[in-house]
Amino acid sequence: MLDPNLLRRDLEGVVTQLQRRKDPQPFLDVARYSALEAERKAIQTETEQLQARRNAASKQIGQMKGKGEDTSALMAEVNGIADRQKAGTERLEAVQAELQGMLMSLPNLPQAGVPAGADERGNAEWRRWGTPLPMDFTPRDHVDIGAALGMDFETGALLSGARFTFLRGPAARLHRALAQFMLDTQTLEHGYTECYTPYIVNREVLEGTGQLPKFKEDMFWVTRGGDEAQPEQYLISTSEISLTNSVRERILDAAQLPIRLTAHSPCFRSEAGSAGRDTRGMIRQHQFDKVEMVQITRPEDSDAALEQMVGHAEAILQKLELPYRVVLLCTGDMGFGAARTYDLEVWLPAQDTYREISSCSNCEAFQARRMQTRYRTAQGKTEFVHTLNGSGLAVGRALVAVLENHQQADGSVRVPTALRPYLGGLEVLRA
């Protein structure tokens, strides 16, 4: 959530920043916002004036009673003031609720160095690592390679519908090995604390990290025992949600920062807006696994932490011997809560292109303000922390990349050296 005081101080500047982002609808009804802000100020001013008059009248009543004088007129005035105050309080609550709703619908402001652009075509390539391996045969995609290794889309569709996958045998084992390898790298080499989190969370938790209210239709949600009277709960679309919210409504000590957390979890996304895109294979699934990285930092440390997190994700790709590039997202391609985002895109030979496998974002205080998470400075003041998140990596897409980049002419797949200990020393995957 944006700082309400920023909008009050520089509404025009905020609107200009919001216009750098892509959205088919206006982000902010400026006229309505301005009218509500003016009404809020008027109610608060009137409330202060009424309270001052009530205090003065109450004091006068006490003095008059001491002298035995008639106080009925003043008592009636005080009672009238109380009624006006009650009405003012109720109206103020309604105004503030509407203002809060408007604030909750606004995306984060992009940092100054983020390139302008309407979509992915405006992204800026930052660097590349590795060279795609030459193949003296036509590379097959992961669907064809994986079929012989236990990648079963038909059974997944039979059980759950389109965009679900059933893995067995070598494919399932490779999937598990990748997740364990990523967790070990992030915890043992990069200093993250491994966590196991709930996969179903409450509505306010998703509001904290920004998935709600805007992206409800991209989520899966459930009711307990089918009881419609109970508030719905949501399947997480990433463990960023539960990891970041683990510090919600807390005041942290500066000595606790930075906090680095990681978790391996399934992720559930209805992908309502993605019909017809990437429907073949494991690129875009309703259920997939991811090893997530989250950092909670002091504001002055978050930019450096973002660069560090990108390096942590890069290390996984390098150990897996996968060519990739790092891309700085433009204003129109960034996520709702991000102020700056880097995507890591891995090379896929069958598609002859790079595809996203990790996204690392600095959300600054946007999520912290929604979660009410602060830290206490050395001076004893409290300030909002900055939150960052990144994929370290998406397990399914890493499996796709390993299969395609390390495929061999006979249909087998060479196992990257770093991954072999997680597969019992196996060097080649075969049917």
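Start by selecting residues 302–319, which make up helix 10 of this predicted model. Helix 10 has 18 residues, and the distance from its first C-alpha to its last is 26 Å, close to the 26 Å expected at 1.5 Å a residue. Show its side chains next. Those buried include Leu 306, Met 309, Val 310, Ile 316 and Leu 317. The buried set also holds His 312 and Glu 314. Move just past the end of helix 10 to Glu 321, where phi is positive, at about 60 degrees.

Now select residues 259–268, strand 9. Eight of its 10 residues are buried, so strand 9 is largely enclosed by the rest of the structure. Add residues 287–297, strand 10, which runs antiparallel to strand 9 and is joined to it by 10 bridges. One pair to label is Cys 267 with its bridge partner in strand 10, Phe 288. Then add residues 193–195, strand 4, which runs parallel to strand 9 and is linked to it by three bridges. Here Thr 193 stands opposite Leu 261 of strand 9.

The last stop is an open sheet of three strands in the order 5-7-6, with antiparallel pairing. Select strand 5 (200–202) and strand 6 (220–222): these are the edges, each with a single partner strand, so one side of each has no neighbour in the sheet. On average, neighbouring strands of this sheet are turned by 40 degrees against each other, direction ignored. Add residues 233–235 to show strand 7, which is joined to strand 6 by three bridges. To see one of the pairings, pick Trp 221 and its bridge partner in strand 7, Tyr 234.

Methods: Residues numbered from 1 in each chain as written. Predicted model: local features only at pLDDT ≥ 70, side-chain atom pairs only at ≥ 80, totals over all residues. Heavy atoms only, no water. Helix = DSSP H or I, 4+ residues; strand = E, 2+ residues; numbered from the N terminus. Expected span 1.5 Å × (residues − 1). Buried < 20%, exposed > 50% of the residue type's maximum accessible area, 1.4 Å probe, protein only. Pairing = 2+ DSSP bridges. Axes fitted to C-alpha atoms, helices over the stretch in contact; angles between N-to-C directions.
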